[in-house]
Amino acid sequence: MEVQVPPPLQDIPTAKEKKYDRQLRLWGASGQKALEETHVLLINNGSGVTGVETLKNLVLPGVGQFTILDSHVVSEADLGVNFFLEEESLGQFRAEETVRCLCELNPGVQGFALTEPLETFIDKDDVLKPYNLILVSAPLDSAILARIQLYANALQIPTFYFRSTGFYSSFSVLLPTAFPIVDTHPDPTSTTDLRLLKPWPTLSEFVREKTKGLGTESMNQHDKSHIPYVCLLLHYLEQWRDKNGGKNPETYKEKSAFRELVREGDANEENFDEACANVLKALNPPTISSTVRNIFAAPEIDELTTSSPSFWLIANAIRQFYNTHNELPLPGAVPDMKAQSADYIELQNIYKKKARQDCAEVVETVRQLEKQTDRPKEHEISEKEIENFCKGAAHISLVRGRPLQIVEAGKPITFGDRAKAMAMELTNPESLIGLYICFLAWDEYIATRSTPSNENGDNGLKIPGSTDKDYKTDETKLIDMAHIIVDNLLKEANTSIDEPESSEIKAQIAKQCKELVRAGGGELHNLASLTGGMISQEVIKVVTRQYVPVDNTCLFDGIASRTYVLRI
Amino acid sequence: MAAAAVPTTNGSATRRARWTYSDRILSRPGAYVDEEDGFVPGEAPITSVENARILVIGAGGLGCEILKNLALSGFKKIDVIDMDTIDVSNLNRQFLFREKDVGQPKATVAANFVMKRVPGCTITPYVGKIQDKDQDYYLQFNIVVCGLDSIEARRWINATLVDLVDMENPDSLKPLIDGGTEGFKGQSRVIFPTMTSCIECQLDMHAPRAAVPLCTLASIPRQPQHCIEWAHIIKWEEERKDVTLDTDDPEHITWLYKKALARAQEYNISGVTYSMTQGVVKNIIPAIASTNAIIAASCCNEAYKIATTCAPCIGMPGQNNYMLYTGDTSVYTYTFEHQKKDDCPVCGNLPKDLVVNPTSTLGDLVESFAERPESQLKKPNLRSEGKSLYYSSPASLMAQTKGNLVKPLNELLSDGEEIAVTDPAFSTVFKYRVHFS
């Protein structure tokens, strides 16, 4: 009779875990907690569907709270494009009605509606303070957008600004100037780190024991066929070095020859197949990515203070580790491979033990740094956090947030230090910089042609193509404005584009402007829903600090069905 | 363009006011289409989308989004097929369902909800399998949109729509739009059956996960998953053979979990959890609302463009037909043309080349059909030009042919011979030409 081990009680999923099962498998309990602690503010303008669709995708997975600021009253046109309104909503405040319909999706989420006009709302002090993420939909008065950016920057609140009209959309993310991510969820195939070129004594000892008699009669086929491929590779590497003046196989040619050597060991066994398949990947010398290099060179890593984010202290400690050992702490994971159970577990333990040793060294350095910077005891960095960092050290990431490019009436549109890069984008046929410029022209049209809001609730915004009367002239105007932005960008970048390429680029931009004017600022539901999907993915990435968010502007072309990301 | 150009097809002008934004697109010329492409701005495209009959397969994560999107794109005649009932784990993304709906059929609840929200749209649900329906049923539709989680169902509808094409009858060609997601990734694609690359041509894009060898499960487990699969495949058969395993029954999962946990402890393997047990046994794919929204909307955007011709769709011959979306690290899409394959068993006419070791057995070959990314056939029956090689059913044929399984291939076949493979899950005959390595 087998011993029945009763499962620990906390392991059986709760009702909440059952409901959120499919997402917890992605961002885990810590990500879920972060999401539940988030209060999102949607400042909803225009036809306003993209923002509501974004919120749908945040309410469903259980965002803590959301607020919609929207002073519009529900019109017939809203009912044809916004799913979170009902027949009875006609004539009611759109904020209240969409909040009500969204709240039905998840009883665990709290929603609030604000129906005050944006102009007066934003005039008050500390009005953005309750929120930890802001969504702003176009079109709106650019002076107000600038004001929102100012507050959001001061309060370090991540803010999204997005436009969706007809078949096109764009969104930009304003993040803090340093937005580090440890848990980037890299592709599992890219994370294997076995340190085959620098084995440590315990590993070498294990290899000798497991490969004893390999290639002679003294080892039987069963044992031979169960040698973990890590041991095979290390065993043959030693043979290779003996024959090649102590050098490891480095070039592609040498690695191919090395693979032949392994293959000669056995033609058919699965573990030898695995060894051969892993030769190219496993024999790369350990290098750190340019992202990690940049983090090691970031000013924040050297300017540690009492209140430095834990990321920079740990990064500093890891850099010290790297400088001492010329490698990052060992992650410690071992991929599955053909082996006897006990051998595999032992191998796993050898890697785990080394990983723990490496981590202990980093912990010690972190503790010294805490002391040097007088970090208060209650802000001591947990060992778990350091361990997690060590495991993912090769794949950490850092996004440098940049301000939104806001088009204001009477001010020239400039690209600053990005001008050269953006001018180069113009000649890249894959790039959607042209579409981005059309959106800038669209913003400029609104900024320069709108009138101040009045008491009748008219916000005074004039959108290109919104009336059949002006539609054709709007087309010409928008195209002219977009072409001027192109010319000025080239001037700012101090470069030029030859014919016929220049005319082709402008012809393409003219077509995209025509499509923008065709829509007259109205959203197509599909594009709004798609864009809302992308924005909500980004919101989740930002609030959970997992995966890597867009840096910093993403465009979607619904005619060609593709996206493009620009760093503006 | 005057305001009067906007027609009032469905009663009053206020009724039409509801469709202001879509009508604006449909009544103004596009920068990427003209009348030569068949787009005449005004009443025609509006009527086209209203009269199009569109079939949605699947009312789950993608299906809920697709139904909403189509209704708000102006489609008025929608059918939806789904055999499933609502589970509590659906509620984090399948937004047409509430806690009170758990246990109800997805197709019916989804259809009713959308019809209530979008008056004037008729959605006809069918609770059952796509295989229940015959060719005449599928012939009624103009466009088919799939939001499925099963490769098998996709292959079935794909083969059916390819079969349906009658060169004499242009209406028999039904554009197939397919979406799929996993975590932060997904894909959408448009297929014009027989004209462009079909789902079978693209099968290797969805390579099956490598199965763990049975001997690993039975004698040398190394991973927590191995212990779970052992409980699932071996232990259940040994101890509860008379009970059909229901992966939705918590008692069954708990039983497997306990067995797996005990085995893991025996081998010093850590990491077996209830959640992992469920994941392995049910082959759970992580799914979130945002990715479903992206992919479903991309599919419906193409459906809208196809039905109205107001802008070029993807999927036309010689054009891009496939969008891969990745949201894990930044946002990246790869939109490309997947080429049609002449040796596609469904839409091509040439046999696929199959290189085999002549001394390996027929049994090895039969087994390999399940794993090869380009075939993925679980119960293949094989015929050569002259004789039956192996049939897994009916029993009489199996008895006659199973002796062949241990024979080497060079005893049964000659180099370059063609074989025909069938599988009870598909109506197609898969043709292969065998080459000895």
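This report walks through a predicted model with two chains, A and B, from overall layout to sheet details.

**Chain A overall**

Let's start with chain A, which has 568 residues, 46% of them counted as buried. Its C-alpha trace spans about 95 × 65 × 50 Å along the principal axes. DSSP-wise, you'll find 22 helices and 10 strands in chain A. If you look at contacts with a separation of 6 or more in chain A, 72% come from residues 24 or more positions apart.

Chain A is assigned four domains: domain 1 (13-178 + 526-566), domain 2 (194-282), domain 3 (290-399) and domain 4 (416-521). Domain 1 of chain A is written in two pieces, 13-178 and 526-566.

**Where A meets B**

How many residues of chain A are in contact with chain B? The count is 75 from chain A, against 72 from chain B. On the chain A side, the elements giving two or more residues are α1 (15-19), α2 (21-36), α3 (49-59), α4 (76-79), α16 (341-372), α21 (501-519), α22 (525-544) and β10 (562-566). Which of these hands over the largest share? That's α22(A), with 11 residues. By residue type, the side of chain A that touches chain B splits into 32 nonpolar, 22 polar and 21 charged.

**Domains in chain B**

Over in chain B, the assignment gives domain 1 (3-206 + 288-336), domain 2 (214-282) and domain 3 (352-436). An unreviewed UniProt entry lists residues 354-437 of chain B as "domain: E2 binding". That span is 25% helix and 32% strand, and its end C-alpha atoms lie 10 Å apart.

Each chain has a contact between its domain 1 and its domain 3, and here are the two side by side:

| Domain pair | C-alpha centre separation | Residues in contact |
|---|---|---|
| Domain 1 and domain 3 of chain A | 35 Å | five from domain 1, four from domain 3 |
| Domain 1 and domain 3 of chain B | 37 Å | seven from domain 1, seven from domain 3 |

What sits on the domain 1 side of these contacts? In chain A, the residues of domain 1 that touch domain 3 divide into four nonpolar, no polar and one charged. In chain B, the corresponding side of domain 1 has four nonpolar, no polar and three charged.

**The sheet in chain B**

Now for the eight-stranded sheet of chain B: an open one, with mixed pairing, in the order β3-β2-β1-β4-β5-β6-β7-β8. Why is one side of β3 (122-127) and of β8 (332-336) left without a neighbour in the sheet? Both of these chain B strands stand at the edges, each with a single partner strand, so nothing in the sheet flanks their other side. Ignoring direction, neighbouring strands in this sheet are turned by 15° against each other on average.

Zooming in, β5 (residues 176-182) and β6 (residues 185-191) of chain B run antiparallel and are joined by seven bridges. Leu176(B) stands opposite Ile191(B) in β6(B).

Helices pack on this sheet too. Helix α7 (residues 151-164) of chain B touches β1 (53-57), β4 (143-147) and β5 of chain B, and its direction makes about 170° with that of β4(B). Helix α5 (residues 106-117) of chain B lies across β2 (77-82) and β3 of chain B, running at about 170° to β3(B).

Methods. Residues are numbered from 1 along each chain as its sequence is written. Chains are lettered from A and ligands numbered from 1 in the order in which they are written. This is a predicted model: local features need pLDDT of at least 70, side-chain atom pairs count only at pLDDT 80 or more; totals for chains, interfaces and linings use all residues. Domain bounds come from an automatic or database domain assignment. Two residues are in contact if their C-beta atoms, placed from the backbone, lie within 7 Å. Ala, Val, Leu, Ile, Met, Phe, Trp, Tyr, Cys and Pro count as nonpolar, Asp, Glu, Lys and Arg as charged, and the others, Gly among them, as polar. Helices (H or I, at least four residues) and strands (E, at least two) are DSSP runs, numbered from the N terminus. A residue is buried if 20 or more other C-beta atoms lie within 10 Å of its own, exposed if 12 or fewer, and partly exposed in between; C-beta atoms are placed from the backbone. UniProt positions are given in the numbering used here, feature names are shortened, and annotations may be inferred rather than shown by experiment. Two strands pair if DSSP finds at least two bridges between them. Axes are lines fitted to C-alpha atoms, for helices over the stretch in contact, and angles run from 0 to 180 degrees between N-to-C directions.
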